[in-house]
Amino acid sequence: MRPISDEELLSRQFRYEDPESIPGLCRDRPDQNLDPEIVGFYEVRPFGGRAANPDAPYVWCCHCQKPTHWGGRVLKDKTDSTYIIGADCGRKHYGDKFVVIDRAFNDQLARQKLLVRWSDAHAIRDQLLAEIKQVFSDPTWAEIEKKRAELKRVAPDVVYRLKALANRAGSLIVRDQVRDLAAEEQRRQSHDRAVAVFKALSKWEQRERRRDGLAPADLDETPILKDREQNLGPLRGLGLFLEDRDVRAEAIKLRDAMGPIGTISKLGAVRNAEITRTLRRITDAATALRSAFVETAASWRFFEPDHTEAVERWYAGSRHSTIAIDPLSTVYRAGALARIVPLPPRPTYFDPPALKTLLADGQTA
Ligand SMILES: [Zn+2]
């Protein structure tokens, strides 16, 4: 197969929408001894296949000499004649050499797809880098970081535990014990039954049982306790506690991932696997940056009054399961959190257009 440069590959149109109308299409059965080259493909299978499209016509095939397929290859042989052949008929007609050229053709298609994504990434590179720069000049992130440090200073133990909760996007759950009145009532009833049975016995039988230690004991009146679990809702403002998902750190990762992105002509002999790896790194970094934006920008929600109240209840409620005396929690319960000036509400998060485009491209690829 003739080698094609990346620039040419990028501009090539391999897909034929109407293969039978290719100018000069040869309707003969091709000579098997003339080595063909695959120059394109067609894929006209309608949505739902034959069942949903009883009248959709097939495409004519040079091997079958009649319309038999919805998908296949466009071939050109040494005499410059063009043929169309069905997906499986290529192999039937040409044997193993078709398998070899078909594999090479698929490689071309795969590289073309990567080149499209590469040049898309290149097209938005400058804008994206400018957006990343903007992230660094946005005071929001520094403000959140300051607040994070403040919280840590005032109530390190609380922050430590909220961090664990934030890492699994957990809920504020308070566990305590309450009297199980139903169980106590059941215990009383079964005691009454045993007593009634005992009283129905003859005096002699009662004496016998008493002697054998089988008479009903006095009613046990110690309270029966059961565990109670109260869900006070999900922890809000997770971004305050997820330091490893720092917006600026993620922005740096994306900037670094964009490093190799240049023009297609500079790609040279870079292999498909390497291109795939670079593009994946970019998509992953962009996804992480976006979720860091969403999480971090929502940090202010931690300070919503009903939420700080829930956090206080959660912390107080979970104390009995940990060390009883905690001097730092005293600071906390004295209202230290309340003394921290809440972050201002930020109803929308930063959504830079180039980053958005990048993520949209990554999803369709
Ligand atoms: Zn065929």
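Just after H8, which residue takes a positive phi? In this predicted model, the residue is Gly213, with a phi of about 75 degrees. The legends below start from that spot.

**View 1. Helix H8 and the glycine that follows.** H8 runs over residues 203–211 and is hardly covered. Go through its nine residues and the count of buried ones comes out at zero. Gly213 sits just after this helix, and its phi is positive, at about 75 degrees.

**View 2. The largest nonpolar core.** This core takes in 43 residues. Leu254, Ile282, Ala286 and Leu289 are the ones with the most contacts inside it. Plenty of helices chip in: H4 (96–137), H5 (139–154), H6 (156–167), H9 (247–258), H10 (272–297), H11 (305–317) and H13 (353–364) each supply at least two residues. H10 gives the most, with eight. As general background, nonpolar side chains in soluble globular proteins tend to be buried together.

**View 3. Ile282 and its contacts, plus a second core.** Leaving out residues up to four places away in sequence, Ile282 touches Ala121, Ala257 and Met258. Apart from the largest core there is a second, separate one of 11 residues, and Tyr42, Cys61, Tyr83 and Ile84 are among them.

**View 4. H4 against H10.** Here the two axes come within 10 Å and cross at roughly 40 degrees, so H4 and H10 are oblique to each other. H4 passes H10 in a left-handed crossing. On the H4 side the contact uses Ala110, Arg111, Leu114, Arg117, Trp118 and Ala121, while H10 brings Asn272, Ile275, Thr276, Leu279 and Ile282. Sorted by class, the residues of this contact are seven nonpolar, two polar and two charged.

**View 5. H9 against H10.** The axes of H9 and H10 come within 9 Å and cross at roughly 160 degrees, which means that H9 is roughly antiparallel to H10. This crossing is left-handed. H9 makes the contact through Val247, Glu250, Ala251, Lys253, Leu254, Ala257 and Met258. From H10 come Arg281, Ile282, Ala285, Ala286, Ala288, Leu289, Ala292, Phe293 and Thr296. The class tally for the contact of H9 with H10 is 12 nonpolar, one polar and three charged residues.

**View 6. H4 against H9.** The axes of H4 and H9 come within 10 Å and cross at roughly 155 degrees, so these helices are roughly antiparallel to each other. The crossing of H4 and H9 is left-handed. For H4, the contact residues are Arg125, Leu128, Leu129, Ile132, Val135 and Phe136. H9 answers with Val247, Arg248, Ala251, Leu254, Arg255 and Met258. Polar residues are missing from the contact of H4 with H9, which has nine nonpolar and three charged ones.

**View 7. Leu181 in helix H7.** Leu181 belongs to H7, which covers residues 181–200. Is Leu181 buried or exposed? Leu181 counts as exposed, because it has 11 C-beta neighbours inside 10 Å, and the cut-off for exposed is 12 or fewer. In sequence, Leu181 and Lys226 are 45 residues apart, yet C-alpha to C-alpha they are 9.4 Å apart in space.

Definitions and conventions. Residues numbered from 1 in each chain as written. Predicted model: local features only at pLDDT ≥ 70, side-chain atom pairs only at ≥ 80, totals over all residues. Buried ≥ 20, exposed ≤ 12 C-beta atoms within 10 Å, placed from the backbone. Helix = DSSP H or I, 4+ residues; strand = E, 2+ residues; numbered from the N terminus. Core = buried A, V, L, I, M, F, W, Y, C linked by C-beta atoms within 7 Å. Contact = placed C-beta atoms within 7 Å. Axes fitted to C-alpha atoms, helices over the stretch in contact; angles between N-to-C directions. Parallel < 35°, antiparallel > 145°, perpendicular 65-115°, else oblique. Left-handed = near helix turned anticlockwise from the far one by under 90°. Nonpolar A, V, L, I, M, F, W, Y, C, P; charged D, E, K, R; others polar.
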